[in-house]
Amino acid sequence: QVQLVESGGGLVQPGGSLRLSCAVSGIISRFFGMGWYRQAPAKQRELVAIITSGGSTNYADSAKGRFTISRDNAGNTVYLQMDSLKPEDTAVYYCNLHPTNYWGQGTQVTVSS
């Protein structure tokens, strides 16, 4: 059974940092890309960042220069380092095994003073 479990969300002040993690089990994930998405209230889910099986990365314009996606050597865990957070980054963040329909349950990130 494939499972993706996110962690690391929370409440942070504007300008602060958070590191999200997504642990994958039940599949050899290093053969797949991994993506981070987010969904704010009343908005559609949007791509934040993606990393391919070969390690190439791509970011949404809103994340460029502030967020960094990475994965461990075994490929079983993907991270999203988020710096210089803004209130508009507030959302539920989901990880996805790309290109599949396997998703994590989401972790809430709230940026507020």
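**A walk from Thr 77 into the core**

Let's start at Thr 77, which is buried, with a relative accessible area of 16%. That value counts as buried because the cut-off sits at under 20% relative accessible area. Keep in mind as you look around that this is a predicted model. Thr 77 sits in strand 8, which covers residues 77–82. What does Thr 77 touch, leaving out residues up to four places away in sequence? There are contacts to Ser 21, Cys 22 and Ala 23, and also to Ser 70, Arg 71 and Asp 72.

One of those partners, Cys 22, takes us to the disulfide. The structure holds 1 disulfide, and it is formed by Cys 22 and Cys 95, with the sulfur atoms 1.9 Å apart. Cys 22 belongs to strand 3 and Cys 95 to strand 9, so the bond ties together parts of the chain that are 73 residues apart in sequence. The torsion about the S-S bond is about 50°, so this disulfide is right-handed. Are the two cysteines buried or exposed? Cys 22 is buried, at 0% relative accessibility, and Cys 95 is buried too, at 0%.

Now follow strand 8 along to Leu 80. In soluble globular proteins, nonpolar side chains tend to be buried together. Here, the largest nonpolar core has 27 residues, and those with the most contacts inside it are Trp 36, Leu 80, Met 82 and Tyr 93. Which strands each supply at least two residues of this core? They are strand 3 (18–25), strand 4, strand 5 (46–51), strand 7, strand 8, strand 9 and strand 11 (107–111). Leu 80 gives you a good view of how these pieces meet. Setting aside neighbours within four places in sequence, Leu 80 is in contact with Leu 18, Arg 19 and Leu 20, with Val 48 and Ala 49, and with Phe 67, Thr 68 and Ile 69. Trp 36 and Tyr 93 are also on the contact list of Leu 80.

Next, the charged side chains. Those of opposite charge can pair when their charged atoms come close. How many salt bridges are there? The count comes to 4. Asp 89 is a handy place to begin: it forms a salt bridge with Arg 38, where the closest N and O atoms are 2.9 Å apart. That pair links distant parts of the chain, 51 residues apart, with Asp 89 in the loop between strand 8 and strand 9 (91–98) and Arg 38 in strand 4 (residues 33–39). Asp 89 also meets Arg 66 in a salt bridge, at 2.8 Å from N to O. Arg 66 lies in the loop between strand 6 (57–59) and strand 7 (67–71), so this pair ties together parts 23 residues apart in sequence. Add Glu 46, and you have a network of salt bridges linking Arg 38, Glu 46, Arg 66 and Asp 89.

Check the accessibility of these charged residues as well. Asp 89 is buried at 1% relative accessibility, Arg 38 is buried at 7%, and Arg 66 is buried at 11%. For another setting, look at Asp 61, which forms a salt bridge with Lys 64, the closest N and O atoms being 3.2 Å apart. Asp 61 is exposed at 65% relative accessibility, while Lys 64 is partly exposed, with a relative accessible area of 49%.

Terms used: Residues are numbered from 1 along each chain as its sequence is written. This is a predicted model: local features need pLDDT of at least 70, side-chain atom pairs count only at pLDDT 80 or more; totals for chains, interfaces and linings use all residues. Side-chain values use heavy atoms; hydrogens and water are left out. Helices (H or I, at least four residues) and strands (E, at least two) are DSSP runs, numbered from the N terminus. Buried means under 20% relative accessible area, exposed over 50%, partly exposed in between (1.4 Å probe, protein chains only). Contact means heavy atoms within 4.5 Å. A salt bridge is a side-chain nitrogen of Lys or Arg within 4 Å of a carboxyl oxygen of Asp or Glu. A nonpolar core is a set of buried Ala, Val, Leu, Ile, Met, Phe, Trp, Tyr and Cys residues joined through side-chain atoms within 4.5 Å. A disulfide is a pair of cysteine sulfur atoms within 2.5 Å.
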